[in-house]
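Subject: the model, and what turned up in it

Hi,

Here is the structure I promised to pass on. Have a look at it first, then read on for my notes.

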Amino acid sequence: MATDPRELAAPTTPDPDLVAVLTELFADYRATRATPTAVVDLDRGLWRRLEGLGLTRLTGSESAGGSGGGWVDAAALLGLAAAAAAPVPLAEHDVLGGWLLEAAGLPNDGGLRTVCRPDPSGVALNVTWARDASSIVALWEDRDEWRVADVAIDRVGIEERRNLAGEPCDTVEFDLDDLEGGTVVAHAIGEQFHLRGALARSAQVVGAMERVVEVVLEHVRAREQFGRPIGRFQAVQHLVSDIACETALARAATDAAVARAAASDWRDPGMLFAVGVAKSCVGHAASVVVRGSHQALGAIGTTLEHELHTLTRPILARRSEYGSLQDWDETLTALASSAGHDRLWTLITTGRATPRRSDA
Amino acid sequence: MSARLVPPGARELPALTELRLEVRAFLAEQVAAGAFVPHVDTWLTRWDRDFTRELGRRGWLGMVIPTEYGGQGRTYLERFVVTEELLVVGAPVAAHWIAERQIGPSLLRYGTEEQKEAFLPGISRGEVVFGIGMSEPDSGSDLASVRTRAERVDGGWRLTGTKVWTSGAHEADAFFALARSAPIDPAHRHDGLSQFIVDLRAPGVTIRPIISMGGDHHFNEVHLDGVLIPDDRVLGEIGDGWSQVTSELAHERSGPERVLSTFQLLAAAAQAMDDGRLPTDPGLGRHVARLAALHHMSFAVSTALENHEDADTAAAVVKVLGTTGEGDIADYVDTLTATGWALDEELDTLLHAAILQRPGFTLRGGTNEILRGVIARGLGMR
Ligand SMILES: Cc1cc2nc3c(=O)[nH]c(=O)nc-3n(C[C@H](O)[C@H](O)[C@H](O)COP(=O)(O)OP(=O)(O)OC[C@H]3O[C@@H](n4cnc5c(N)ncnc54)[C@H](O)[C@@H]3O)c2cc1C
């Protein structure tokens with residue numbers, strides 16, 4: 001009867017060597033970067049350093065010049081970079097753009113990429129880092145087919161805008177000729193794009209929230225009022241405890257979706273639910289974490305020179321990308337209500353309402 | 001990165017899922033056969049000794065108790081999936097819950113050989129039913145202040161005092177009573193406490209019902225009037241009571257019963273939305289998402305406990321989030337309903353029960369305020 005626990009549960013943790021390298025790299029980055037600014041531009045120096053370590057194409061296949069990493073490692077990289085508020089387009093360039101090029105069988109010269117989904121008139125809104133890219137990977141649906149094109153930056157019109165985090169978040173206008181044709185990709189690719197984007201954003205927001213918890217803890221231990229550290233007041237302890245709990249819940253949801261993606265190479269039909277759970281928990285956590293952390297920090301946390309906004313602004317900017325919180329809650333509502341009374345639990349444990357015996 | 005509050009997640013593998021589906025299939029049959037009516041908060045409010053014994057026959061009780069004591073000798077992970085399946089279906093599990101969850105493991109850890117042999121096989125068969133006698137009229141969150149006295153007498157101890165909120169005492173065979181076996185030393189308040197195994201039918205025990213606000217009888221006041229406890233019914237060592245009651249907290253606080261008490265209501269609400277009896281609302285998705293994340297988190301804590309890792313803070317995180325969420329589900333469904341709107345009776349029954357049980361969710365087993373303090377300590381703030 002005695003069962004080996006290893007046959008019952010599989011841990012899903014990133015490669016410890018990679019985590020060690022990343023931790024050191026971003027600690028070094030944090031220690032040497034300039035003071036925070038309201039407007040945030042691409043850090044090309046950091047990008048080149050990441051490139052030198054093979055981290056900008058972490059998930060690219062080795063035959064295509066990538067490092068052959070999986071989603072568990074990629075999520076760790078995205079999270080740690082976000083915790084350091086590193087202004088680099090890792091999500092856009094690697095797990096989204098690089099992946100789309102590979103899926104379409106298009107060449108990748110390694111130049112900086114961002115991604116977007118232009119509308120039928122050739123316009124794409126809110127394209128992060130567009131002005132910094134050497135070319136833009138476009139994905140669109142045309143007469144029931146998904147198509148991909150890699151369009152050089154000098155062939156698009158760019159209206160420069162910035163998101164809530166102060167990062168480049170431009171409007172891109174394509175020449176419709178460049179979107180004529182393109183390379184047809186499988187339906188699964190087109191449908192996965194939104195999920196991959198949503199999960200990448202979740203990993204980034206969780207990483208940033210974990211750093212917020214640290215920043216808050218450092219502050220409430222050091223700041224004294226009424227003759228003692230403010231962290232000794234029970235009201236402050238409860239505020240911080242709530243931030244930490246929400247962050248932990250968001251982490252659990254995100255890690256579960258990442259593990260499911262990694263175990264099935266995104267083929268698991270439960271991915272929509274798993275990503276939705278992550279996006280929902282992360283998005284609601286963001287409300288608690290941003291509000292609570294600014295409350296705990298007092299006035300200093302509202303200043304330009306303080307690190308806090310370099311985290312809270314991207315947290316809010318990214319939680320609204322690849323579907324608003326409301327969109328995702330509605331998606332989950334639709335899945336849950338169509339699962340109905342008898343299949344809701346199956347949906348929660350497997351990600352879909354019709355179970356197969358082989359997985360949960 | 002700061003030390004993680006909650007251990008990293010783990011993926012459930014097919015061997016575990018197989019057990020899950022086996023339990024699920026059995027429970028579906030039971031529901032179809034009308035063996036029980038699914039309900040909310042069944043681990044506190046639904047007693048069915050026959051059902052409990054049937055679970056024992058199937059090997060789904062005493063799962064982590066070694067086979068030499070009549071248990072199944074299985075893992076915490078297997079126990080986890082069995083308990084999850086029992087809770088989501090709203091099965092009547094209160095008769096064995098306390099014994100299975102905490103009395104068994106405590107006996108295993110602190111009990112004498114004779115005590116283990118006396119109680120563990122019965123617990124594993126679902127025949128011996130236990131309660132918990134910790135709280136008193138003047139000792140709630142501040143448990144170390146208990147006043148029940150244990151006085152040394154020839155061959156044992158005499159217990160005198162009053163326990164309250166004792167869930168199921170009127171149905172149970174015995175309970176663990178926390179009592180003061182030495183006068184309080186204000187400098188060492190946690191010393192001088194001991195736990196005793198009290199036969200609830202022994203002379204000197206008086207059990208009076210305390211009726212809950214919905215009119216039901218779940219918990220009790222238990223008077224102990226010089227109840228004689230023989231030496232062989234002292235749990236472990238005299239004076240070790242505090243470390244005994246605090247050492248098993250991770251098991252008591254991180255389980256799926258801290259998350260799933262209102263699952264049947266949420267499932268009924270999902271159905272009602274699909275049928276158009278409740279308005280479609282994104283709040284449903286939000287609650288489902290939190291529940292799914294808590295399912296992963298609670299599993300992660302079980303994995304850590306299986307590996308004998310410390311998980312006290314993580315368990316407090318699960319309990320704060322889980323009990324808040326299960327209560328919020330009750331309130332959420334209530335906000336969707338309109339007076340005079342013809343809901344189906346099933347949803348109505350579940351909703352009313354959930355709302356009346358809700359206040360207890362964030363109190364029992366350590367209040368959420370106390371648990372936030374535990375988390376703050378885990379974060380190094382105190
Ligand atoms: C449904 C239910 C079943 C129960 N079953 C059992 C049982 O079987 N056996 C048993 O022994 N007990 C049982 N209990 C009792 C339970 O353990 C106590 O309710 C709990 O420990 C809280 O104690 P109290 O109710 O006396 O509240 P109090 O301790 O008086 O607390 C009242 C309020 O003050 C807050 N508070 C207290 N101290 C602090 C502090 N230091 N900092 C901040 N806030 C504080 C609390 O969080 C709470 O909000 C049960 C309770 C319920 C509701």
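A cut-off to start with, as my notes lean on it: a residue counts as buried if its relative accessible area is under 20%, as exposed if that value is over 50%, and as partly exposed in between. Bear in mind too that this is a predicted model.

**B:Thr75**

With a relative accessibility of 4%, B:Thr75 comes out as buried. You'll find B:Thr75 in the loop between helix 3 and helix 4 (76-88) of chain B. What does B:Thr75 touch, leaving aside its neighbours within four places in sequence? From chain A there are A:Thr3, A:Pro5 and A:Leu8, and from chain B there are B:Met63, B:Val64 and B:Glu306. For a sense of scale, the C-alpha atoms of B:Thr75 and B:Leu260 are 21 Å apart, with the two positions 185 residues apart in sequence.

**Helix 10 of chain B and its partners from chain A**

Helix 10 (residues 282-306) of chain B packs against helix 6 (residues 234-264) of chain A at about 85°, the axes being 8 Å apart. The two helices are therefore roughly perpendicular to each other. On the chain A side, the contact uses A:Glu246, A:Ala248, A:Leu249, A:Ala252, A:Ala253 and A:Ala256 of helix 6, which meet B:Arg290, B:Ala293, B:Leu294, B:His296 and B:Met297 of helix 10. Sorted by class, that contact of helix 6 of chain A with helix 10 of chain B has 8 nonpolar, 1 polar and 2 charged residues.

Helix 9 (residues 325-350) of chain A also packs against helix 10 of chain B, here at an angle of about 60° and with the axes 7 Å apart. The crossing of helix 9 of chain A with helix 10 of chain B is left-handed. Among the residues making the contact are A:Leu332, A:Ala336, A:Leu344, A:Trp345 and A:Ile348 of helix 9 of chain A, along with B:Leu284, B:Val288, B:Leu291 and B:His295 of helix 10 of chain B. The class split for helix 9 of chain A with helix 10 of chain B is 11 nonpolar, 6 polar and 3 charged.

The loop between helix 10 and helix 11 of chain B holds B:His308. B:His308 has a positive phi, near 60°, in a residue other than glycine, and at 72% relative accessibility it counts as exposed.

**A pair within chain A**

Helix 5 (residues 187-222) and helix 8 (residues 308-319), both of chain A, pack at about 150° with their axes 9 Å apart. That makes helix 5 of chain A roughly antiparallel to helix 8 of chain A. Their crossing is left-handed. The residues in contact include A:Val205, A:Ala208, A:Met209 and A:Val212 from helix 5 of chain A, and A:Leu308, A:Leu311 and A:Ile315 from helix 8 of chain A. By class, the contact of helix 5 with helix 8 of chain A divides into 8 nonpolar, 2 polar and 4 charged residues.

**Helix 13 of chain B**

Which residues of helix 13 (residues 368-378) of chain B are buried? They are B:Asn368, B:Leu371, B:Arg372, B:Gly373, B:Val374, B:Ile375 and B:Ala376. The cover over these buried residues includes helix 6 of chain A, together with helix 8 (249-253) and helix 11 (312-336) of chain B. Just after helix 13 of chain B, B:Gly380 takes a positive phi of about 80°.

**Aromatic rings**

Over all chains there are 12 aromatic pairs. One of them is B:Phe36 with B:Phe51, edge-to-face, at 5.4 Å centre to centre and with 70° between the planes. B:Phe36 sits in the loop between helix 1 (14-32) and helix 2 (42-45) of chain B and B:Phe51 in helix 3 (residues 49-57) of chain B, so the pair ties together parts that are 15 residues apart in sequence. Both B:Phe36 and B:Phe51 are buried.

B:Trp165 and B:Phe219 form a tilted pair, 5.3 Å centre to centre and with 55° between the planes. This pair links strand 4 (residues 156-167) of chain B, home of B:Trp165, to strand 8 (residues 217-230) of chain B, home of B:Phe219, 54 residues apart. B:Trp165 is partly exposed at 46% relative accessible area, and B:Phe219 is partly exposed at 22%. B:Trp165 also has a positive phi of about 60°, although it is not a glycine.

Lastly, ring pairs join B:Phe119, B:Phe130 and B:Phe176 into a cluster.

Cheers

Definitions and conventions:
Residues numbered from 1 in each chain as written. Chains lettered and ligands numbered in written order. Predicted model: local features only at pLDDT ≥ 70, side-chain atom pairs only at ≥ 80, totals over all residues. Heavy atoms only, no water. Phe/Tyr/Trp six-rings, centres within 6.5 Å; stacked < 30°, edge-to-face > 60°. Helix = DSSP H or I, 4+ residues; strand = E, 2+ residues; numbered from the N terminus. Buried < 20%, exposed > 50% of the residue type's maximum accessible area, 1.4 Å probe, protein only. Axes fitted to C-alpha atoms, helices over the stretch in contact; angles between N-to-C directions. Parallel < 35°, antiparallel > 145°, perpendicular 65-115°, else oblique. Left-handed = near helix turned anticlockwise from the far one by under 90°. Contact = heavy atoms within 4.5 Å. Nonpolar A, V, L, I, M, F, W, Y, C, P; charged D, E, K, R; others polar.
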